[in-house]
Amino acid sequence: MRIAAAVNEPTIKSLIAERFARAPYFIIVDENGNLLEAIENTNAEQGHGAGGAAVRLLSKHNIDLVIVPRLGPNAEEALAQAGIKHFKAEGLTLEEALYSLEGKGASL
Amino acid sequence: MFRLTVVSGKGGTGKTCVASSLAFAIRGGTVIDLDVDEPDLGLVLNIQNPESESIYKVVPQIDAKRCVGCGICADSCVFGALNQFGTNVPTVNMKLCHGCGVCEYVCPQKTIKDSQTQIGELNSKRTENWWFLEGRLDIGEPNPVPVIHAVLEKANSLPFPQIVDGPPGTACPMVAAIEQSHFVVLVTEPTPFGLSDLVLAAETVHELQIPAAVVINRSDLGNSKETEVFCNKINVPILARLPFSKEVAHAYAEGTAPFCVDRKWREATYTILDHVKEVLS
Amino acid sequence: MNPKEIVIVSGKGGTGKTSIVSALCALFSKKALFCDVDVDAPNLQILLHPNDEESFSFSGRKIPQIDSERCNLCGKCVSFCRFDALKKEMDGISSLSWKCEGCGGCALICPQNAITMNSYEQGQYWRGQTSLGPLWHARLHAGEENSGMLVAKLRNKAREEACKKGYPFVIVDGPPGISCPTISALTGSTLAIAVTEPSLSGLHDLLRLGDLCSSLEVPLAVILNKADLSETRNAEIQDRAKSKNWQFLGSIPFRPDVVEAISNKEIPLDALHPEIETIYTNLLQIINNIKM
């Protein structure tokens, strides 16, 4: 499974970014936390609709689930359309979020 | 024959009080509410059962059969209003769409054409004394400007003089309201808040080069000295200084315009109209 | 730990929102970070007196710049623009920036590639230190658009700092109306508080605000200011609040002392006593029961 996370730095120890759409990086890991890819978020400085643009970027990388801090209504709608699930993990590091995700048995 | 718009920068200074009073002083024109987020003028003028028509904004419609899912439209939309994934047909986020037409232009298959979506209502009523028009933004719609434009377009075909209750703030809704106006009345209060917002509003009015005047409401609550100095500096006359009145406040709370219950308000209203006629002649 | 965000709005302007917010800031001092997102007409800084330590430029959109050497006055850009933001004149095409929506269509359509879309400063925002705690505030230049974006930016900065420094609350002084700036101020917040007054317009505007909060799934609480303005409207508002399940935080009668304090650029804490303390206590109780 390909899991993306909105993060401040492209490492598994990074905190989940405060904002999904304008996170500096998205990193892609598998469910075991192995780093697959790191993408710079070129939409970070965009105006309106950055949420949709971020989802577009992720969908081009075949993501199954994205770890986010919180989601605005536009981003939420876009994710639903793109068929990408999301998991809210505000205030956690990516490592902690993955642990939490595993613990939830992840109804995926 | 003029269109006069009442604005305030800061909300709650008495913009609708002034606009409703002006409405009572004119005969045979049109009274317009452009505070489309929270239109209250109709309440004070006791407008019942107006006729209602929808106001639309232009949005794209994509022909799903011809669309090949290339996503060029979504990539070109600066507003992020098109959601397109894989090779799916894009969907339009109506709230984010500004109706600019770029997607239509860039689509290589020419599958996009104009459609429309409702964003508000235009309510109108012909009363004994004047025409009444009101713009009302639908809840959840982010952009009041197209509603303001639609109401003004209708107003252009209705009789003059026209009194407009404008939107609060100093950003683009206020600009959209006053740019088609011949005169602007700025209502303020003698507090630091009132002055701070008056300065911003006056700057915008000045840039658009529209003649203006100021009314100080609740003139005895606070300190009007700085306001007087500012108006003097920018050469904008202060046409009225209306003291706080419990009677006026109570009456307005019940939905009665100050013009109807207070002599000072009546005098001020006629002073404003006389001044406007003089300046514009 | 994620801070709880309380956004104070009014629908109708002039209900006393900023005066009351300033008093709440005083009561929440040390527990909260503050944020004024009424970016068109910011007032909270007048009472909180921030020492502005950091300033930032805000630019949300791009507007066209026409290269007059390349332009051959074909006018295709003028015909394309749906916002009347380009005008053909004798000596060239001029851009009316206050009408421009920044879509970039003119730049795409120009056969001479004479148009580029450029950012520019639409406003500024600051992080200031006040005696009560940090204040994030901003000012949009007169006539500008994109206030919603600037609102979002300020909220995020305040939330980030509150998160990092462990403040449990962010108090947000919101904009009037119900359009883009207010939607941007309320989305995803923990609790909205409407400061209203017992008048016909106050009730009408409160109902529209209530519908907006409901559509954004943000719980709403109500403070009734200038409560002695009208007994009938007062009762009406309290009834409506009950029927809509809005939490009623308290009432404050009209006090000229509040205006006096404001005119001296002081927080009207004494003038709002004792009602504001009751409101504060009720607010804490409600907010502590909201699970994040």
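# Sheets, helices and contacts in a predicted model

Tutor: Welcome! In chain A, the strands E3-E2-E1-E4-E5, in that order, make an open sheet of 5 strands with mixed pairing. Please keep in mind that this is a predicted model.

Student: What makes E3 and E5 of chain A the edge strands?

Tutor: Strand E3 (35-40) and strand E5 (85-88) of chain A each pair on one side only. From one strand to the next, the twist averages 20 degrees.

Student: How do you know that E1 and E2 of chain A are paired?

Tutor: Pairing needs at least two bridges between the strands. Strand E1 (residues 3-7) and strand E2 (residues 25-29) of chain A have 5 bridges, so they count as a pair, in the antiparallel sense. One of the partners is Tyr25(A) in E2(A), which is bridged to Val7(A).

Student: What does the sheet of chain C look like?

Tutor: It is an open sheet of 9 strands with mixed pairing, in the order E3-E8-E9-E2-E10-E1-E11-E12-E13. Strand E3 (51-58) and strand E13 (247-252) of chain C have a single partner strand each, so one side of each has no neighbour in the sheet. On average, neighbouring strands of this sheet are turned by 20 degrees against each other, direction ignored.

Student: Why do E12 and E13 of chain C count as paired?

Tutor: The same kind of check works here. The cut-off is at least two bridges, and 5 bridges join strand E12 (residues 220-225) of chain C to E13(C), so the two are paired, running parallel. Ile223(C), for instance, has Gly250(C) in E13(C) as its bridge partner.

Student: Which strands does H8(C) touch?

Tutor: H8(C) packs on the sheet and touches E11, E12 and E13 of chain C. The direction of H8(C) makes about 170 degrees with that of E12(C). Over 145 degrees counts as roughly antiparallel, so H8(C) is roughly antiparallel to E12(C).

Student: And what about H1 of chain C?

Tutor: Helix H1 (residues 17-27) of chain C lies across strands E1, E2, E10, E11 and E12 of chain C, at about 160 degrees to E10(C).

Student: Why are H7 and H8 of chain C called roughly parallel?

Tutor: Helix H7 (residues 200-215) and helix H8 (residues 231-243) of chain C pack at an angle of about 15 degrees, with their axes 10 Å apart. Angles under 35 degrees count as roughly parallel, so that is what H7(C) is to H8(C). Their crossing is right-handed. Leu200(C), Gly202(C), Leu203(C) and Leu206(C) of H7(C) meet Arg233(C), Glu236(C) and Ile237(C) of H8(C). By class, these residues are 4 nonpolar, 1 polar and 2 charged.

Student: How do you know that H7 and H8 of chain B are roughly parallel?

Tutor: The axes of helix H7 (residues 192-207) and helix H8 (residues 225-233) of chain B come within 10 Å and cross at roughly 15 degrees. That angle makes H7(B) roughly parallel to H8(B). Leu195(B), Leu198(B) and Val199(B) of H7(B) make the contact with Glu226(B), Thr227(B) and Phe230(B) of H8(B).

Student: How many residues of chain C are in contact with chain B?

Tutor: 50 residues of chain C are in contact with 49 residues of chain B. H7(C) gives the most to the side of chain C that touches chain B, with 8 residues. That side divides into 19 nonpolar, 20 polar and 11 charged residues.

Note on methods
Residues numbered from 1 in each chain as written. Chains lettered and ligands numbered in written order. Predicted model: local features only at pLDDT ≥ 70, side-chain atom pairs only at ≥ 80, totals over all residues. Axes fitted to C-alpha atoms, helices over the stretch in contact; angles between N-to-C directions. Helix = DSSP H or I, 4+ residues; strand = E, 2+ residues; numbered from the N terminus. Parallel < 35°, antiparallel > 145°, perpendicular 65-115°, else oblique. Left-handed = near helix turned anticlockwise from the far one by under 90°. Contact = placed C-beta atoms within 7 Å. Nonpolar A, V, L, I, M, F, W, Y, C, P; charged D, E, K, R; others polar.
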